[in-house]
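Please work through the exercises below with the sequence and the model side by side. Try each task before reading its solution.

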Amino acid sequence: MKCCICGEQIEEVFSNNALPIKDGRCCNTCNDVYVIPARIAELEIINDEKKAMIKELKNKIGVNDAVAKLALSKNNWDVETAYEWLKGKAF
Ligand SMILES: [Zn+2]
């Protein structure tokens with residue numbers, strides 16, 4: 001099977017649940033780099049300013065809530081930087 005995030009060929013027994021990034025199975029690398037940090041980002045308390053940024057980012061690039069939160073939690077990026085990071089990724 002293929003990792004639903006990066007497309008790498010993986011064996012199902014070594015795959016991981018990719019939620020909340022994607023509804024599918026992903027490789028260990030994507031699990032470590034995206035899925036686990038996204039789950040941690042989901043626990044973050046979101047203030048109104050951050051909510052507005054998440055909405056703006058979602059409108060700009062069409063990702064789901066968890067992906068937008070993950071991108072905006074990384075180094076406290078602004079929408080533009082988060083957008084640049086997300087561009088070209090298969091979320
Ligand atoms: Zn992957």
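The exercises that follow deal with helices, a core, single residues and backbone details.

This is a predicted model, in which local features need a pLDDT of at least 70 and side-chain atom pairs count only at pLDDT 80 or more, while totals for chains, interfaces and linings use all residues. Residues are numbered from 1 along each chain as its sequence is written.

**Exercise 1. Burial of H3**

Task: Find which residues of H3 are buried, and state what covers them.

Solution: Begin with the terms: helices (H or I, at least four residues) and strands (E, at least two) are DSSP runs, numbered from the N terminus. A residue is buried if 20 or more other C-beta atoms lie within 10 Å of its own, exposed if 12 or fewer, and partly exposed in between, with C-beta atoms placed from the backbone. By this test Ala66, Val67, Ala68, Lys69, Leu70, Ala71 and Leu72 of H3 are buried. Seven of the nine residues of H3 are therefore buried, so the helix is largely enclosed by the rest of the structure. The cover over these buried residues includes H1, H2 and helix H4 (79-86).

**Exercise 2. H1 against H3**

Task: Determine how the axes of H1 and H3 cross, and which residues meet.

Solution: Axes are lines fitted to C-alpha atoms, for helices over the stretch in contact, and angles run from 0 to 180 degrees between N-to-C directions. The axes of helix H1 (residues 28-43) and helix H3 (residues 65-73) come within 9 Å and cross at roughly 90°. Angles under 35 degrees count as roughly parallel, over 145 as roughly antiparallel, 65 to 115 as roughly perpendicular and the rest as oblique. H1 and H3 are therefore roughly perpendicular to each other. Two residues are in contact if their C-beta atoms, placed from the backbone, lie within 7 Å, and on this basis Tyr34, Pro37, Ala38, Ala41 and Glu42 of H1 meet Ala66, Val67, Lys69, Leu70 and Ser73 of H3. For the classes, Ala, Val, Leu, Ile, Met, Phe, Trp, Tyr, Cys and Pro count as nonpolar, Asp, Glu, Lys and Arg as charged, and the others, Gly among them, as polar. The residues of the contact between H1 and H3 divide into seven nonpolar, one polar and two charged.

**Exercise 3. The contacts of H2**

Task: Describe how H2 packs with H3, and then how H2 crosses H4.

Solution: Helix H2 (residues 48-61) packs with H3 at an angle of about 115°, their axes being 9 Å apart. On the H2 side the contact is made by Lys50, Met53, Ile54, Leu57 and Lys58, and on the H3 side by Asp65, Ala68, Lys69, Ala71 and Leu72. By class, the contact of H2 with H3 has six nonpolar, no polar and four charged residues.

Turning to H4, the axes of H2 and H4 come within 10 Å and cross at roughly 40°, and the two helices are therefore oblique to each other. Here Met53, Glu56, Leu57, Lys60 and Ile61 of H2 meet Val79, Ala82, Tyr83 and Leu86 of H4. This contact of H2 with H4 holds seven nonpolar, no polar and two charged residues.

**Exercise 4. The nonpolar core**

Task: Work out which elements give two or more residues to the largest nonpolar core.

Solution: A nonpolar core is a set of buried Ala, Val, Leu, Ile, Met, Phe, Trp, Tyr and Cys residues joined through C-beta atoms within 7 Å. The largest has 23 residues, and those with the most contacts inside it are Ile21, Ala38 and Val67. H1, H2 and H3 are the elements that give two or more residues to this core, and H3 gives the most, with six residues. Leaving aside neighbours within four places in sequence, Val67 is in contact with Ile21, Ala38 and Phe91.

**Exercise 5. Gly7 and Glu8**

Task: Decide whether Gly7 is buried or exposed, and find what Gly7 and Glu8 touch.

Solution: Gly7 lies in the segment before strand S1 (16-17), and counts as exposed because it has 11 C-beta neighbours inside 10 Å. Not counting residues up to four places away in sequence, Gly7 touches Lys2 and Ala90. The C-alpha atoms of Gly7 and Ala90 are separated by 8.6 Å, although the two are 83 residues apart along the chain. Glu8, with 12 such neighbours, also counts as exposed, and under the sequence limit of up to four places Glu8 touches Lys2, Cys3 and Cys27.

**Exercise 6. Backbone details**

Task: Identify the geometry of the peptide bond from Leu19 to Pro20, and the sign of phi at Asn75.

Solution: Most residues other than glycine have a negative phi, and most peptide bonds are trans. The bond from Leu19 to Pro20 is cis, with omega near 10°, and Pro20 is placed in the loop between S1 and strand S2 (25-26). Just after H3, Asn75 takes a positive phi of about 50°.
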